[in-house]
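Open the model in a viewer and keep the sequence panel visible. The stops below are meant to be taken in order.

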Amino acid sequence: MNTPFKGYQTVYFFLQNNPTLFIDLFYGIDYVFSINFTSHYNYENITSLACMFLGCISLTSIEFSNFNTSNVKDMENMFYKCYKLKEIKGINSFNISKVINTKEMFEECYELKNIDLNKFNLLNN
């Protein structure tokens, strides 16, 4: 398996352009424990976060600081098989008004015990 982040414990993520898809962005990266998204960049054009962290088996913490999800439509399998994930900071501020698919979003996240989804309106999912 390709492990571009092997040896890093925390990845600070930022972009210099405005992508629309984050599908499989960190798929299968198994040596990173923490990922932090900076608030300095514009993520407003993203439409899919499907499988974004799928299989990140060592990941324990993710922080989304002002992560704009207002145009996201797909969050299927976003955290699927993140066995050790304990904390997702900033998820309570996600705008999911356009999301139509959250299938298995937190499937097999065995260590994720408390997550604030009070602002999530999943009636359309």
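The tour starts with the whole chain and its confidence, then goes through the strands, the core, the rings and two backbone outliers.

**Whole chain**

Begin with everything shown as a cartoon. This is a predicted model, and its secondary structure amounts to 4 strands and 0 helices. Read from the N terminus, the order of elements is β-β-β-β. Switch on a surface: the protein exposes about 7000 Å², with carbon and sulfur atoms supplying 46% of that area. Of its 125 residues, 40% count as buried. Among contacts with a separation of 6 or more, 80% are between residues 24 or more positions apart.

**Confidence**

Colour by pLDDT next. The average for the protein is 79, and 73% of the residues score at least 70. Which elements have the lowest and the highest mean pLDDT? Strand β1 (residues 10-13) has the lowest, at 48, and strand β4 (residues 87-89) has the highest, at 92. Select residues 1-12: pLDDT stays under 50 throughout, although the model has 21 contacts beyond four places in sequence for this stretch. Where pLDDT is low, the predicted coordinates should not be read in detail.

**The paired strands**

Select β2 (34-37) and β3 (61-64). These two strands run parallel and are joined by 4 bridges. Phenylalanine 37 has phenylalanine 64, in β3, as its bridge partner. Now add β4 (residues 87-89). Between β3 and β4 there are 3 bridges, and this pair also runs parallel. One residue to pick here is isoleucine 62, whose bridge partner in β4 is isoleucine 88.

Stay on β2 and show its side chains. Ser34 and Asn36 point one way, while Ile35 and Phe37 point the other way. Are these four residues buried or exposed? All are buried, on both sides of the strand.

**The nonpolar core**

The largest nonpolar core has 30 residues. Select Phe37, Phe53, Phe64, Phe67, Met78 and Phe79, the members that touch the most other members. Both β2 and β3 contribute to this core, with at least two residues each. In soluble globular proteins, nonpolar side chains tend to be buried together.

Centre the view on methionine 78. Beyond its neighbours within four places in sequence, methionine 78 contacts Leu49, Cys51, Met52, Phe53, Leu54, Phe64, Phe94 and Met105.

From that list, move to methionine 52, which lies in the loop between β2 and β3. Methionine 52 counts as buried because its relative accessibility is 0%, below the 20% cut-off. Put a distance label between the C-alpha atoms of methionine 52 and phenylalanine 22: the separation is 6.1 Å, for residues that are 30 apart along the chain.

**The aromatic rings**

Show all the aromatic side chains. A search of the whole structure gives 7 aromatic pairs. Zoom in on phenylalanine 53 and phenylalanine 79, which form a stacked pair with 5.5 Å centre to centre and 5° between the planes. Where along the chain are the two partners? Phenylalanine 53 is in the loop between β2 and β3, and phenylalanine 79 is in the loop between β3 and β4, so the pair links distant parts of the chain, 26 residues apart.

Both partners can be checked against the surface. Phenylalanine 53 has 0% relative accessibility and therefore counts as buried. Phenylalanine 79 is buried too, also at 0%.

Widen the selection to Phe53, Phe64, Phe67, Phe79, Phe94 and Phe106, which ring pairs link into a cluster.

**Two positive phi angles**

Finish in the segment after β4, where glutamate 104 is found. Its phi is near 50°, a positive value in a residue other than glycine. Most residues other than glycine have a negative phi, and most peptide bonds are trans. Glutamate 104 is partly exposed, with a relative accessible area of 34%.

Glutamate 108 is found in the segment after β4 as well. Phi of glutamate 108 is near 65°, again positive in a residue other than glycine. How accessible is glutamate 108, and in which class does that place it? Its relative accessibility is 22%, so glutamate 108 counts as partly exposed.

Definitions and conventions. Residues are numbered from 1 along each chain as its sequence is written. Side-chain values use heavy atoms; hydrogens and water are left out. Buried means under 20% relative accessible area, exposed over 50%, partly exposed in between (1.4 Å probe, protein chains only). Contact means heavy atoms within 4.5 Å. Accessible areas come from the Shrake-Rupley method with a 1.4 Å probe; for residues, only the protein chains shown count as cover. A nonpolar core is a set of buried Ala, Val, Leu, Ile, Met, Phe, Trp, Tyr and Cys residues joined through side-chain atoms within 4.5 Å. pLDDT is the predictor's confidence in each residue, from 0 to 100. Two strands pair if DSSP finds at least two bridges between them. Rings of Phe, Tyr and Trp (its six-membered ring) pair if their centres lie within 6.5 Å; planes under 30 degrees apart count as stacked, over 60 as edge-to-face and the rest as tilted.
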